[in-house]
Amino acid sequence: MPTPSTLFRHLPSMDVALQHLEADPLLAALPRDLRKDAATAFLDMVRAAIKDGRINSEAQLADAVLLPQLAAFVRRAGQPHFCRVLNATGVVVHTNLGRSLLAEEAIQAVTQANRYYSNLEFDLDSGERGSRYSHVEALVCRLTGAEAALVVNNNAAAVLLMLATLCQGQEVIVSRGQLVEIGGSFRIPDVMARSGAILREVGATNRTHPRDYENAITDQTAALLKVHTSNFRIIGFTKEVGLAELREIGDRHGLPVLEDLGSGTFFDFSSIGLHGEPTVRETLAQGADVVTCSGDKVLGGPQAGLILGRKRYIDPIKKNPLNRALRIDKMTLAALEATLRLYLDPARARERIPTLRMLAMTHEELARNAARLARRLRRELGTAATVSTCPGASRVGGGAFPERDLPTTLVELQVPGLSPDELQRRLLEAEPPLVGRIERNRFCLDPRTLQHEEVPLVATVLRAAIIP
Ligand SMILES: *Cc1c(COP(=O)(O)O)cnc(C)c1O
């Protein structure tokens, strides 16, 4: 076996590498110094591979092998880093993959807001300065029964702003079992603490009683807080104090009841067989004074945080100077208004908002889509892979309906000579990357989160990964 120092001598020189790249029409638009930096990074990577033995023959370093790899590497380096991916995970509100896809109406609204000037903060009636919140407040109130509303950058900002306004320097009572860490090691309690409110945790992790809240109330108490436990569930010997009970305690002591709903829905999911998440309207009707929720979880809109409820609490929140630092941008506002308008007709919302559409897909529809995808893949891959379908489960994601499996039909791939892990690795390097999941040692695609028009692309990507 050749020694590393022998192999180093077979590396192409930088001049040869650059000449090769110069001739590549796909790289013509890439500035020369970026091309050179990427080539340097590639050659460093190859040197490291020689050192640790992953490259151990001269054949692996032949120009015919290495130069195409170099070109592919430099092309990837020249691509935008933030890119489209194909989501075949079956997790509909996948935070790592961008949460909700927007309805076509919302996409159009974003385009308009970007291409032209707008009445973002301009009152067309008076010809004077207006408020950016005016565009969605009435709509949010109509859809939820709230008296007032505002929207900010995201739900974490909504929670921060709510507590900073209503509870700063005072105590807010919350059940210990609701202080959870959600994805990306984001801890609600840490954000809450930054509001300047003092969290008074009550109860044990698994059980909290009305008297726990009641006993914790002092003249320092500003509010009672309920937090959705998101993708975390305490199962077994548990007790939570319901909103109606909190309302009673709040009334007895003259305290507002606040609820961070997390996902938050404007759509009655029980109509499609998903139970257990009250709508924002129901939450308000049960007595919450202020509710916060995300725009891009099961609501199916852009990243945003909604704060809504009683006018006497919302008004001071609107006036908090922190609001300026957390404000929503015009693209988001455009997308949010367009999305919310669809909810004026629930049937239309279900049809037009991709997140709702994917969650509402029927068993038969999914089985049909899986069969169609499998047929297409068999045609594309021939004998290179075994393609089959089997029952499986999708997830809502985003912390809503935790522990709820949505029945689906998966498309499974088995590729002789290629482990599921290796296939997955190749697919992540594809253009666009394809993200699936591995179950029972097989690579699986869930048709729920793939769009119809993506099927041919999925087939092409898989073909390129399996039949190089
Ligand atoms: C998701 C979530 C948040 C954060 O919402 P973002 O819109 O991601 O900022 C806060 N609280 C709960 C309970 C959540 O589920």
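The following dialogue examines two sheets and one domain interface in a predicted model.

Student: How is the chain divided into domains?

Tutor: Three domains are assigned: domain 1 spans 4–77, domain 2 combines 86–96 with 359–466, and domain 3 covers 104–352.

Student: What makes β2 and β17 edge strands?

Tutor: The open sheet in question has five strands in the order β2-β14-β15-β18-β17, with mixed pairing. β2 (91–93) and β17 (437–439) each have a single partner strand, so one side of each lacks a neighbour in the sheet. From one strand to the next, the twist averages 45 degrees.

Student: Why are β15 and β18 called paired?

Tutor: Pairing requires at least two bridges. Three bridges join β15 (residues 405–414) to β18 (residues 442–445), so the requirement is met. The two strands run antiparallel, and V411 has L445 in β18 as its bridge partner.

Student: Which helix packs on this sheet, and what does that helix touch?

Tutor: Helix α17 (residues 363–381) packs there, touching β14 (386–397), β15 and β18. The direction of α17 makes about 10 degrees with that of β15.

Student: In the seven-strand sheet, which are the edge strands?

Tutor: The order is β5-β13-β12-β11-β10-β6-β9, an open sheet with mixed pairing. β5 (148–152) and β9 (198–202) are the edge strands, each pairing on one side only. Here the twist averages 20 degrees from one strand to the next.

Student: Why do β10 and β11 count as a pair?

Tutor: Four bridges join β10 (residues 221–227) to β11 (residues 257–260); the threshold is at least two, so these strands pair. They run parallel, and L224 stands opposite V257 in β11.

Student: Which helix packs on the seven-strand sheet?

Tutor: Helix α6 (residues 134–144) does, touching β5 and β13 (305–309). Its direction makes about 120 degrees with that of β5.

Student: How do you know that domain 2 and domain 3 are in contact?

Tutor: Contact means heavy atoms within 4.5 Å, and twelve residues from domain 2 and 15 residues from domain 3 take part. Their centres, taken over C-alpha atoms, are separated by 34 Å. The two domains bury about 1200 Å² between them, 71% of it on carbon and sulfur atoms. On the domain 2 side, A360, F401 and P402 supply 40% of the area buried against domain 3, more than any other three residues.

Student: How many salt bridges and polar contacts are found between domain 2 and domain 3?

Tutor: The count of salt bridges is zero. One residue pair is in polar contact across the interface, with both residues at pLDDT 80 or more.

Note on methods. Residues are numbered from 1 along each chain as its sequence is written. This is a predicted model: local features need pLDDT of at least 70, side-chain atom pairs count only at pLDDT 80 or more; totals for chains, interfaces and linings use all residues. Side-chain values use heavy atoms; hydrogens and water are left out. Axes are lines fitted to C-alpha atoms, for helices over the stretch in contact, and angles run from 0 to 180 degrees between N-to-C directions. Domain bounds come from an automatic or database domain assignment. Buried area is the accessible area (1.4 Å probe) that two parts lose on being put together, summed over both. A salt bridge is a side-chain nitrogen of Lys or Arg within 4 Å of a carboxyl oxygen of Asp or Glu. A polar contact is a pair of N or O atoms within 3.5 Å; within protein, one must be able to donate a hydrogen and the other to accept it, and residues adjacent in sequence count only if both atoms are side-chain atoms.
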